[in-house]
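Hi,

I am passing on a structure that will be new to you. Please have a look at it first, and then read my notes underneath.

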Amino acid sequence: MILADGGGLFPNNWITTEGPQWWLVAAPVLLLVIEAVGIATACHALRYVRTSQATVAWVVGLLTVPVLTIPLYWVFARNRFSGYREAIRRVGQRHRESVDAVRRELATESNTRSTALQTPLDHVADVLDTPISADNRFELLIDGDAFFDAVEQQIDSATDYVYCCFYIIRDDECGGRFAEALIRQAKAGRKVRLLYDEVGCAGLRRRYLNRLKDGGVDVRSFNTRQGPANRFQINFRNHRKLVVVDGTSAIIGGLNIGDEYRGVANWIDGWRDTAVAVVGPLARKVQAVFAGDYYWAAGLDLAEANWGPTSNDDAPPNRRDNGQQGKRGLAAVCATGPADHLPRASMMFAAAASIAKSRLWISTPYLVPDEAVMVALASAKARGVDVKILIPAVADHWAVYLAGFYYEHELAEMKIPVYRYKDGLLHQKCVLIDDDLVLIGSTNLDNRSLHLNFELMVAIEQADFVRDVHRMLVNDLKQCHGPEDRAQITRPWTSRLGTAIARLFSPIL
């Protein structure tokens, strides 16, 4: 043993931060500590990460490159959102009547139809434990102009209040029209509330928000990082897009507020998207979803909200019928998110595949399904169901776009064709089941929507509306490159390498 002059264990020059000998001791100890933390974090991942694919990805990274992966894990890896339900309970202690009304709206109602005649809508509603609403009317909103015209018309028709929630809002021409419509109603004495996601609106200028606030609009960020358990989490997003007016009408879909959603942005040649306008009791269900998000964001209730019985006939003339006189039907809201105890978004897609008898067409901008959905799609194809998937031929998120090529190949092995839309960017989220049921909303078929985002879809059972959606998707397929068109195309090695890397990280994208 070497003794220092002063009686210590090491020579004096060993314990200076300047001497090279210091690193001979410190570096191995530091590496051992990092490796131990990596192993402990990997054990945490094995227990708490929600999907097997994500678990494998994180464990491999934590054991091989812990220095890089450990901080990424504690920022990005959590799949459960803390405090959302607790926030609703806290609001409920002060505003019991309002919270009880929300719970009634979102509680499963007794189904009076015979279980022997259970429809696809019944099945989806049972799987997601969500109620079915009758006596609703629907209008299919194809592309941006129809969507923004409907949004502006509904906002202008409000007599009491307007609620809006969007993932992305741009300070451009479209965003300006949207702001003006909200401010007009706020100055006319209506209560106007707007929720936005901080990550989606990271580039939104403060002056835009201040303009809304100065105009009397109650503007709130969803603020996923509030609460001690979420302080460093930036992986959860409120991806919902909705408008509710007076509790009697609503709009739900895949479009945000911005010029690109009208297909007029300079970086894209066109934009293909879909939404649905609803008049009837389903609007209160959508309102209840907004109320839960607002409870979380503001810690307050919606004092002006109408929770009383409504019907299609309660809507003002300019909001009644939505141009589809007499087309009344059944519908259910499918609100999912990381605060759920079960992976309900994945269950929704799996349920759609399991009940399809003749047709299952899925239109989605991103194709990164989890294992449960892949198995359900394979089972549907094996039963003889016509399974088709429509995705874009161009990208707005390269990592997810590249990962999609891997899953496209996997689906081809199952004899499930994937069609790539070539007339602009396909952004719609739409599922068609047989001639019976349609799902439209904000949920993509990727890991983020399935497990990390707050999402909203509506399931609609109405024969004329389903036929309209079928015609729409047939027209979309005509604008697609089919699998046979791409069979002889060899992608460059750089693209294939990117696909392999993106696929490796697809469970955590």
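Below is what I found, in three short parts.

Please keep in mind that this is a predicted model.

Let me start with helix H11, which runs over residues 344-355. With 12 residues at 1.5 Å a residue, helix H11 should span 16 Å, and its end C-alpha atoms are indeed 16 Å apart, so the two values agree. How many of the residues of H11 are buried? The count is 9 of 12, which leaves the helix mostly covered. Among the buried ones are Arg344, Met348, Phe349 and Ile355.

Ile355 also leads to the next part, as Pro120 touches it. Pro120 sits in helix H6, and its relative accessible area is 15%, so it is buried, the limit being under 20%. Besides Ile355, Pro120 touches Asp436 and Leu437, leaving aside residues up to four places away in sequence. Pro120 and Ala459 are 339 residues apart in sequence, yet 9.5 Å separates their C-alpha atoms in space.

Finally, two loop residues caught my eye. Asp129 has a phi near 55°, which is positive although the residue is not glycine. Its place is the loop between helix H6 (120-128) and strand S1 (133-142). Is Asp129 buried or exposed? Its relative accessibility is 53%, so Asp129 counts as exposed. Lys415, also not a glycine, has a positive phi near 70°. You will find Lys415 in the loop between helix H13 (398-413) and strand S13 (418-421), and at 63% relative accessibility Lys415 counts as exposed.

Best wishes

Key. Residues numbered from 1 in each chain as written. Predicted model: local features only at pLDDT ≥ 70, side-chain atom pairs only at ≥ 80, totals over all residues. Heavy atoms only, no water. Helix = DSSP H or I, 4+ residues; strand = E, 2+ residues; numbered from the N terminus. Expected span 1.5 Å × (residues − 1). Buried < 20%, exposed > 50% of the residue type's maximum accessible area, 1.4 Å probe, protein only. Contact = heavy atoms within 4.5 Å.
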